[in-house]
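Student: I would like a close look at one part of this chain, with its charged pairs and surroundings. Please take it step by step.

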Amino acid sequence: MEQEALVRQVEEFMLTRVIPTEQEHHHQLQSAANRWTYTPIMRQLRAEAKAKGLWLFPLPVELGGRGLSLVEYAPICEIMNWCNHGPEIFNCYTGTISNSNSMHLHASSELKQRYLKPLVEGDVRSCISITERNVPSSDPTDLKFDIRRDGDDYVLNGVKSWATGGCMDECAFYLVLGATDISAPRHARHSMVLVPREAKGLSLGRIETVMGYDDAPFGHCDLIFENVRVPVANRIGDEGAGFLMMQSTLGVGRIQLGMGAIGAAERAMMEMCSWVEKRIIGGRPLVERQVVTDAIARSRIEIDACRAFALQTARRMQEDGMKAVRGDIAQLKVLAPEMALKVLDRAMQFHGGAGLSYDTPLPEMWAHMRTVRIGEGADEVHRETVAKVELKRQAEWRVANRQT
Ligand SMILES: Cc1cc2nc3c(=O)[nH]c(=O)nc-3n(C[C@H](O)[C@H](O)[C@H](O)COP(=O)(O)OP(=O)(O)OC[C@H]3O[C@@H](n4cnc5c(N)ncnc54)[C@H](O)[C@@H]3O)c2cc1C
């Protein structure tokens with residue numbers, strides 16, 4: 001019951017504070033002298049959400065979170081994603097949650113005090129830095145970025161790319177994955193190191209655009225490391241355990257992402273239905289065309305089927321652990337964005353020109369959802385996992401049933 005009340009509170013906050021101020025956020029960004037910082041309205045909404053306790057829902061209470069289980073958190077992920085910047089308002093951006101979790105479990109108490117505390121308070125932001133432009137980062141075991149031990153320090157050299165949020169003024173530190181022993185077995189080569197923003201030898205490189213959007217105020221940038229020195233104590237987790245540690249945080253992130261895609265599709269549905277009721281073409285509202293009601297029906301069927309699967313996956317993951325549902329998580333990673341892209345596309349189409357402009361949040365949501373098919377691991381890699389799990393299941397079934 002308490003959980004239901006919390007879901008209603010988030011819903012109310014999205015409907016009365018976040019969605020009605022979307023255009024204000026957009027205009028503030030457009031006219032900002034500096035685009036790489038929270039807009040005033042975002043700052044205000046974050047403060048309001050925090051004051052209401054609508055903050056860090058899945059993190060433990062001792063970190064200032066609500067301590068929600070995955071199953072409890074899932075519906076909230078959906079609602080926060082009615083708007084692209086929704087999760088940020090509640091300090092629930094996926095990277096913030098996974099970085100906080102990694103640091104909570106694996107960082108020294110000094111690092112926690114100095115970096116994790118302001119992160120969960122919402123005073124600073126962080127960034128996860130894995131990808132390297134010259135290495136196919138779909139397979140992070142191949143990453144070459146050099147982290148070399150020198151006495152009590154690590155010395156970092158190389159370029160990281162696509163660091164989301166890396167150029168924000170609020171970004172105070174980077175969690176960087178690099179090779180501490182390139183000759184070790186693939187899954188034991190890499191370590192995670194915390195690098196403060198002000199570290200000597202660290203500079204920001206080019207800022208990417210994503211299908212024309214710069215994704216301000218977060219952005220995605222290159223980070224250039226030239227003999228950057230950090231104490232060995234800045235390592236998060238054991239040496240060589242970086243890859244496995246990173247993998248272990250992915251499950252929650254993927255549920256958050258899947259539910260987020262469902263939230264985006266629901267927003268598209270809201271926009272589509274209210275528009276087709278109002279838009280009069282040829283003397284009658286668009287909604288009276290069968291092609292429109294058919295699209296609405298298809299969208300409802302697809303969203304509800306995807307949500308049922310996502311919630312089932314969240315429940316199974318909570319009960320049986322991530323390994324037991326790795327095939328389902330991979331399925332959800334492919335299914336949910338594909339579904340959301342279809343629903344968003346239908347909503348954009350019925351809006352005509354308006355559907356491709358800043359009059360609606362639809363094109364920006366579509367662009368964001370399209371990036372998920374690559375940015376959160378390429379779909380092909382996830383389909384490969386689905387196929388592997390299925391082939392193993394079939395082989396086991398054949399043995400159990402004495403089939404050849
Ligand atoms: C918007 C956005 C935000 C991002 N944010 C971050 C961030 O914050 N931090 C960070 O470190 N990185 C970030 N990334 C980078 C992202 O994680 C990588 O782009 C992604 O892992 C893919 O790596 P790659 O670009 O090197 O593509 P590659 O690994 O070169 O893959 C290219 C293509 O090859 C195909 N492919 C790959 N593997 C297989 C396979 N096994 N079977 C069949 N086909 C395959 C797929 O079509 C894939 O798209 C972001 C990317 C985007 C677009």
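In which helix do Arg393 and Glu390 lie, and how many residues apart are they?

Tutor: Keep in mind that this is a predicted model. Arg393 and Glu390 both belong to helix α13, which covers residues 379–400. They sit three residues apart, about one turn of the helix. Their side chains form a salt bridge, with N and O 2.9 Å apart. Glu390 has 32% relative accessibility and counts as partly exposed.

Helix α13 falls within the bounds of domain 3. That domain, residues 249–400, also helps to line a pocket. The pocket is the second largest, with about 220 Å³ of space. Its lining has 13 residues. Nearest its centre are Leu70, Gly251, Val252, Met317 and Gln318. Three elements each give two or more residues to this lining: α4 (70–80), α9 (250–278) and α10 (290–320). By class, seven lining residues are nonpolar and six are polar. None is charged. Domain 1 (2–92) gives residues to the lining as well as domain 3, so the pocket lies between the two.

Back to the charged pairs. The model has 34 salt bridges in total. Some join into a network, which links Glu78, Glu266, Arg300, Asp304 and Arg307. Another salt bridge pairs Glu239 with Arg235, at 3.8 Å from N to O. Both partners are partly exposed: Glu239 has 42% relative accessibility, and Arg235 has 22%.

Now set the helix pair beside a long-range one. Arg229 forms a salt bridge with Asp153, and their closest N and O atoms are 3.1 Å apart. This pair links distant parts of the chain, 76 residues apart. Arg229 is in strand β7 (residues 220–231), and Asp153 is in strand β3. Arg229 is partly exposed, with a relative accessible area of 43%. Asp153 is partly exposed too, at 22%.

Strand β3 leads on to a hairpin. It spans residues 153–164 and runs antiparallel to strand β2, residues 146–150. Five bridges join the two strands. In one of the pairings, Ile147 has Leu156 of β3 as its bridge partner. Two residues lie between the strands of the hairpin. There, Gly151 takes a positive phi near 65 degrees.

Methods
Residues numbered from 1 in each chain as written. Predicted model: local features only at pLDDT ≥ 70, side-chain atom pairs only at ≥ 80, totals over all residues. Heavy atoms only, no water. Pairing = 2+ DSSP bridges. Helix = DSSP H or I, 4+ residues; strand = E, 2+ residues; numbered from the N terminus. Salt bridge = Lys/Arg side-chain N within 4 Å of Asp/Glu carboxyl O. Buried < 20%, exposed > 50% of the residue type's maximum accessible area, 1.4 Å probe, protein only. 1 Å grid on protein atoms, 1.4 Å probe; cavity = no way out; pocket = protein on both sides within 12 Å on 5 of 7 lines; lining within 4 Å. Points joined across faces, edges and corners; volume = space filled by probe spheres on them. Nonpolar A, V, L, I, M, F, W, Y, C, P; charged D, E, K, R; others polar. Domains from an automatic or database assignment.
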